[in-house]
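Thanks for making the time this morning. I would like to walk you through one model, beginning with its surface and ending in its interior.

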Amino acid sequence: MRNDLDTIADRHFSRTVLAVAALWFSVASGANCADVYSEESVKAAFVLRFTSYVTWPSTAPSAPLKIVVLDDEVMAGRLQALVESRSPARRAFEVRSIRNLSEARDAQVLYIGARRGDSVAPLPRSVRDSSLLTITSASDGLDAGAIINFRIVDQRVRFEVSLEAARRAGLGIGSELLSAAIRVQAAQPVASKEQP
Amino acid sequence: MSALPAFNREILVIYRTAGVGLFSIAIAFCAAADDLTQLSLDQLGDLQVTSVSRSPEVLRGAPAAIYVITHEDIERSGATTLPEALRLAPNITITQQDSSDYVAAARGFGGNTDVQNFSNKLLLLIDGRSVYSPLFSGIYLDTQDVVLADVERIEVISGPGATLWGANAMNGVINVITRAAYLTEGALAGATVGNREQTVNLRYGQKLRDDLAFRIYAKALQRDAMERGGVDAQDEWRRAQVGFRLDLSQAQGTFTLQGDGYLGDDQRAGPGRQDMGGANLLARWQRQTALGELQLQGFFDHVHRDAPAGGVPFTLDTYDAEVQQELNPGARHRLMLGAGLRRHDYRISNSTSLLFEPPRRDLLQLNAFAQDTISLLDSLKLTLGIKLERNDYSGWEPQPDVRLAWQPNGSTLLWGSISRAVRSPTPFDVDVIERVGGMDFLRGNPDFQSEKVLAYEVGYRGELSPRFSLSLSGYYNVHEDLRTVEFGAPPVFLPLRWDNLMKGHSHGVTAWAKWQVTDWWRLSPGVTLLRKDLRFRAGSSQVLGVAQAGNDPHGLGLITSSMQFGRARTLDITLRHVASLPDPALPAYTELSARFGWKVATEWEVALAGTNLLHARHQEYPQPTGATIRRSIAAELRWKR
């Protein structure tokens, strides 16, 4: 009785393994189709849009804006695709994928993918004090020192802003951006004169 | 027994359906998207996104079989308790034995209650607080609960997770993570009224300063008694819990303080109620130092639990302190070092038939771990970890772990691992005495060893299209020193004793997918199959069969359909199939749960939810241990502002 059961189970077990393999191949061959409203497409569009409401202390308006993406190939790919689809008449962007924060030095925007969990390690002082628009997608992004953090709320991409982090970075944040945020973390009082 | 082939056929149907469906995705959904760059911030924020494309597991990149139950999954499931929410994970088996008793197991070894083997190879963490009971290494799921509306996610990791999570994480880890207080601002009041149970949830959260927020909550549940052999099982369950969480988030670091208190009773057959209660307080401090992130955590946890006649009431106090430091010694290394100590202080009130000798103990557990994640190439990461853990019974136990993860692109992860994990001895293995008619019937074994596993795992996780993600994992476990019950010395052969005279191997596969069929419809199928091949070592008296190690189903399958109609209405249906149990035997069962939710106004949501809808009565564990579970239907009302 037990042997019979084992034989049956074995046969079905291997058949299931085959089915899984077949599914894998069928799926793999159909992969890489175009963008729909995936989370990253919307986030990528947000990132580009944010740059219209942020002022950097020293960038020539004509120079291409450099966006670097840490630890998130998918996001880098979506950003690259969006940038390429834009009309050449609009502001130029350069998108680059990086593996180390030190490579962000000459950029204006730094997007940090979640490295482990949806938690992000606190940003080093060198990054916070440089004029980088830091953007994260993590439950604790602002705590980590980011200026903008994405959150998914009710299947929609929303974002929160830290004016304190923006103050440290010396960036100006436009009121349109603030009014669209779900949460604005105020700057400390000493910074009030720098607020928009 | 005929249920097993039927089950496999179902799986094949699921796979075939998914395969055919994929071609439809390729045809129907690969049209170019609108130019998102033309949209305003507000318009972008209004777009509904398919979070399937970045299912949290893919995002994690963790080289382990990890399933993530999201906040939204829980909210839409109609689950009212933590174990019901855990049913959403395909890589864990949840068995409801009676009104309040749920047993959780990953990769088998869910215990065999009738021969006093309990599920004891799983770790449950609630916001970093380990809640398995050191008395027998199992989890009292009826003492653990959270306000499900405040849960950010539940990570269900099958396979050894010892290095980072620690003791008892032999076959899996369940990691419940609640939202930080600043994400739960405002008031929430919810109630469910049903034919089997009633619940009330209240929560209020507020931001005190920009960097300081808190929430307080209360939760209560009353569940009717089930049936056993057609008569009232007298297991009516009542439970109430209050708690708070405070989060301070400053630029230099974060501090969290949280705590709960709860009371419950579960009226068992026979005289009296089984009262239980407890309280806990946890503090966690994270800070960015020049070296890397530093985390300090401490908690205190008190539990008391009465028992029906013949059982043993106990109180247990747990004190725990942990430190964890991240180091980045070079660009290619990420080193985590940690150490912890935990003291369990328990007091058991022995009965005449069940005794622990000694009835009081202070158990001290120490651990230290190191884990280095080395980037061999940009796409190839090797993780070497070891945890050394000391317990009062078997001393130091090394638990090493090697993992290799290859991420050829941002949407594909292939991983493999070899790890050793142990389930260390407990008072129930060493100190227990069971008496029948004044005579010792079973005694613990002072030489009881840890149960050990050497686990080989491989896995794949990938986002195959923006609308389809897939996870596959397989394992081969080599088990040593599994617990057996053995005859005593002749001629009486009593008392029986525990020993470590079983070994063998087990293997299995788990697969799940998230498929966003259309913008408003998502299908999430999942399946787990497992086989165990256990045998007794020489010298075993083989009093009981190998099923004493776990009366586990050969598999389970789940498929959830989640539909969204406009902004306000949702319909979620989950079909689950659990294969038959071998010994004691129980046929396979299939059940269905469904929930229709409607946000009737900005602040109000109503819902109708049903669980175990297919049958008026079903059994998840054989009688008499398992009670008969009846169909339940409930109306929900929620107000949130």
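**Surface and cores**

In this predicted model, chain B has an accessible surface of about 23,600 Å², of which 61% belongs to carbon and sulfur atoms; such areas come from the Shrake-Rupley method with a 1.4 Å probe, and for residues only the protein chains shown count as cover.

Before I go on, a word on conventions: residues are numbered from 1 along each chain as its sequence is written, and chains are lettered from A and ligands numbered from 1 in the order in which they are written. Local features need pLDDT of at least 70 and side-chain atom pairs count only at pLDDT 80 or more, while totals for chains, interfaces and linings use all residues, and side-chain values use heavy atoms, with hydrogens and water left out.

Of the 641 residues in chain B, 60% are buried, meaning under 20% relative accessible area, with exposed being over 50% and partly exposed in between (1.4 Å probe, protein chains only). B:F596, which sits in strand β36 of chain B, counts as partly exposed because its relative accessibility is 32%.

Turning to the interior, the largest nonpolar core has 45 residues, of which A:F50, A:L133 and A:F159 touch the most other members; a core here is a set of buried Ala, Val, Leu, Ile, Met, Phe, Trp, Tyr and Cys residues joined through side-chain atoms within 4.5 Å. Helix α2 of chain A, residues 39-50, gives this core its largest share, 7 residues. Apart from it lies another core, of 37 residues, including B:A85 and B:V173.

Note on methods:
Helix = DSSP H or I, 4+ residues; strand = E, 2+ residues; numbered from the N terminus.
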